[in-house]
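Student: Could we walk through a protein structure together, one question at a time? I would like to see how each answer is reached.

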2 protein chains.
Amino acid sequence: MAKATLPILTNRADTLKYEDGIVQVLDRRKLPEVVTFVPCRTYEEVAQAIVDMVIQGGPPLAYAAGYGLTLAARQFKGLAPAAYKAALLEAHRRLRSTRPTAGDIHPLMDTGLALAYRAIEAGRDAEADLRAYVDGQIQAGDRAARLSGKYASELLVDGDRILTHCFAGAALNYMLYFAVEADKQIELICTETRPYLQGARLTAAQAREIGVPVTLVTDNMPGYLFYRGMITKYVTAADSITLDGHISNKIGTFQYAVVAHQFGVPFIVLGYDGPDPERPDAASIPIEERNPEEVFYARGVRTAVEGIKGYYPAFDITPPQYVSVIATERGLFSPWNIKQYFAAPDPGAGGAGGQPPR
Amino acid sequence: MAKATLPILTNRADTLKYEDGIVQVLDRRKLPEVVTFVPCRTYEEVAQAIVDMVIQGGPPLAYAAGYGLTLAARQFKGLAPAAYKAALLEAHRRLRSTRPTAGDIHPLMDTGLALAYRAIEAGRDAEADLRAYVDGQIQAGDRAARLSGKYASELLVDGDRILTHCFAGAALNYMLYFAVEADKQIELICTETRPYLQGARLTAAQAREIGVPVTLVTDNMPGYLFYRGMITKYVTAADSITLDGHISNKIGTFQYAVVAHQFGVPFIVLGYDGPDPERPDAASIPIEERNPEEVFYARGVRTAVEGIKGYYPAFDITPPQYVSVIATERGLFSPWNIKQYFAAPDPGAGGAGGQPPR
């Protein structure tokens, strides 16, 4: 059995810490060269760190927002109950609206606020209750990432050349890790993922550390690689999965899915903890449009001429007809019956799912 | 009638000059901020300028190579006929192999070499004959660009939002120019075109100068724009057109063509002077693979982590089923009958084509 390493963006507790009065957020923008944390001392600083892409990816930014609300519960602890609740409601509004597309942040924030209200009403420590809740969410999220990656890895075979786009998070790390542990000979081809270059930096560095050969291409190249038969699987995460099987993910995911479909290459979505219960269809996914100025730069250097407009939709939507399979912590699902996820055994509930595989 | 401007990359004589003993090549890498010429005093310097992307685009780099051979004819003028021919043959080999994908360079260099041999055999000045030949090719190329752009512009309608990729050259400028002159309300959306950023720099600057509103997106975004119905036409050039209707163009052209096809958006190819007579099919197009290191940088700044591989195919191939129409100097052709181009009246021959439109 081959030996693989699990790199830093695998266990969320290594990248996000709640210390008394400070949320420490690993600065993903500086990875892999520099491992440094941005200390946030107010919920507003957490919100700003999320907006500024210090932390990225649906689950991680949801956990950061959860700790932000925990910090708010600490900041406003001295207030009378009504004012305390009002302050938390404002913190909830601010943190919840930092990044609109990813689905995880909304239920986590809503449940967190309800817990805090109940703690205040019962005279309990809202900060402690929130912290315990977010800690539990992170643990559950780590399990979802591991199982989602495990089930996806079982679809991989010797000789696979896997295209991935952006950074698909801990589940991608686990998928590659389990494949290497199982001695599968695979290669990863990653897009650089403009304008933030998550592929050229995060994905490439994580795969290299796991021990999977990585080849980098620019975002205009995957189509030709499909044409040449150089891609055998296409794998990404999803910032949101709707109940009717649409997935939203980093801008570009859709166009590669269309070409994969043309060439009969399966598109495997790392679905973590399944679809978003409150999102029935594509129309229910708000697509975040970021500052157009960001497309004019690469790592701080101006790449475009002056005097033009830019457009920066940060995510796109891929309809179910382009998705082959969604790998979740409860197993593999077709996008066409992803709603069955909710009826499947929950491996974390001690039910039929039993112990997570390793 | 609206007033439009024709910017610098329209007339090739503004960008490439043969002065006695020096080929002056406009440095496109520094446009639009700086207009400066790279002086080449030997054919090897011309070859290196082509390899280094000082000049880009199928026809322009063919003309530069032609002047490079002219320069060689000057360099080696003192040699005896056999040695002179051998030196020109070596210059021809070097210049002809600088960029393998674009189709124009090969016939131009082969005809140029034959002309030079005939001049040497007849005791005429090979440099003068070559210069006259290349001058004529540039004039003919300018006419092809103008007519190709003119015919493409006639396909545009009010409200068109045109996606383009890389820089489609003088024909694109003419297409936009004629559309503006005809008071058509159009917009251009251009991809930045990594790694060299021709779209973010050349295309964006040229369109801005012509007076067409330009929006820049990164190379992962067009798919979503098609999905949202934001693109009504897709227009690129072609570095090579085969006799069976395949087109080769800047890497990325193909993946956008596939998505355009999915959404029923027409793909208009600016075909200049038509297909390459010596290329019957896709297999006859060599795809240039450039130094993989180039995908790790943007404008000289490292964008990728260390310790990984890169891959840089510079062009891709789009089969005829994804091409709607090819606009050439002899009119519009389906890719399925592009061979008819050779039977169509030649507007430059004083025949049925008559005067070029304005």
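Student: Which residues is A:Y224 in contact with, leaving aside its neighbours within four places in sequence?

Tutor: Keep in mind that this is a predicted model. A:Y224 sits in helix α8 of chain A, which covers residues 222–227. Setting aside neighbours within four places in sequence, the contacts of A:Y224 are B:I251, B:F254, B:I287, B:Y311, B:P313, B:F315, B:D316 and B:I317.

Student: Is A:Y224 buried or exposed?

Tutor: The cut-off to use here is that buried means under 20% relative accessible area. The relative accessible area of A:Y224 is 2%, so this residue counts as buried.

Student: How far is A:Y224 from A:F167 in space?

Tutor: Along the chain, A:Y224 and A:F167 are 57 residues apart. Going from C-alpha to C-alpha, the separation of A:Y224 and A:F167 is 21 Å.

Student: One of the contacts of A:Y224 was B:F254. Which residues of α9(B) are buried?

Tutor: Helix α9 of chain B runs over residues 253–262 and is mostly covered, with eight of its ten residues buried. B:F254 is among the buried ones. The full set is B:T253, B:F254, B:Q255, B:Y256, B:A257, B:V258, B:V259 and B:A260.

Student: Which residue with a positive phi follows α9(B)?

Tutor: Look just past the helix for a backbone phi near 70 degrees. The residue with that positive value after α9(B) is B:G264.

Student: Let's go to A:T218. Which residues does A:T218 contact, leaving aside neighbours within four places in sequence?

Tutor: A:T218 belongs to the loop between β6 (214–217) and α8 of chain A. Its relative accessible area is 0%, so A:T218 is buried. Without neighbours up to four places away, A:T218 is in contact with A:E192, B:R194, B:P195 and B:V295.

Student: And which side chain makes a polar contact with the side chain of A:T218?

Tutor: A polar contact requires N or O atoms within 3.5 Å. The pair here is at 2.5 Å, and the partner of A:T218 is A:N220.

Student: Two of the contacts of A:T218 were B:R194 and B:P195. What is omega for the peptide bond from B:R194 to B:P195?

Tutor: B:P195 is placed in the loop between β5 (187–191) and α7 (198–210) of chain B. The peptide bond leading from B:R194 into B:P195 is cis, and its omega is near 0 degrees.

Student: Which residues does the cis peptide bond with omega of about -5 degrees join?

Tutor: Search the loop between β2 (22–26) and β3 (37–40) of chain A, where A:P32 lies. The cis bond with that omega joins A:L31 and A:P32.

Student: In chain B, where is B:E33, and which side chain makes a polar contact with its side chain?

Tutor: B:E33 is in the loop between β2 (22–26) and β3 (37–40) of chain B. At 2.7 Å, the side chain of B:E33 makes a polar contact with the side chain of B:R201.

Student: What is the relative accessible area of B:C166?

Tutor: B:C166 lies in the loop between β4 (161–164) and α6 (170–181) of chain B. Its phi is positive, near 60 degrees, although B:C166 is not a glycine. B:C166 counts as buried because its relative accessible area is 8%.

Student: Where does A:Y272 lie?

Tutor: A:Y272 is another residue other than glycine with a positive phi, about 45 degrees. A:Y272 counts as buried because its relative accessibility is 8%. Its place in chain A is strand β10, residues 267–272.

Student: Which backbone oxygen does the side chain of A:N249 reach?

Tutor: A:N249 is in strand β9 (residues 247–250) of chain A. With 5% relative accessibility, A:N249 counts as buried. At 3.3 Å, its side chain reaches the backbone oxygen of A:A237.

Student: Finally, what is the radius of gyration of chain A?

Tutor: Chain A contains nine helices and 16 strands, and 61% of its 358 residues count as buried. A compact globule with 358 residues would have a radius of gyration near 21 Å, so chain A agrees with that, at 20 Å.

Conventions. Residues numbered from 1 in each chain as written. Chains lettered and ligands numbered in written order. Predicted model: local features only at pLDDT ≥ 70, side-chain atom pairs only at ≥ 80, totals over all residues. Heavy atoms only, no water. Helix = DSSP H or I, 4+ residues; strand = E, 2+ residues; numbered from the N terminus. Buried < 20%, exposed > 50% of the residue type's maximum accessible area, 1.4 Å probe, protein only. Polar contact = N/O pair within 3.5 Å; in protein donor to acceptor, adjacent residues only side chain to side chain. Rg over C-alpha atoms; globule rule 2.2 N^0.38 Å. Contact = heavy atoms within 4.5 Å.
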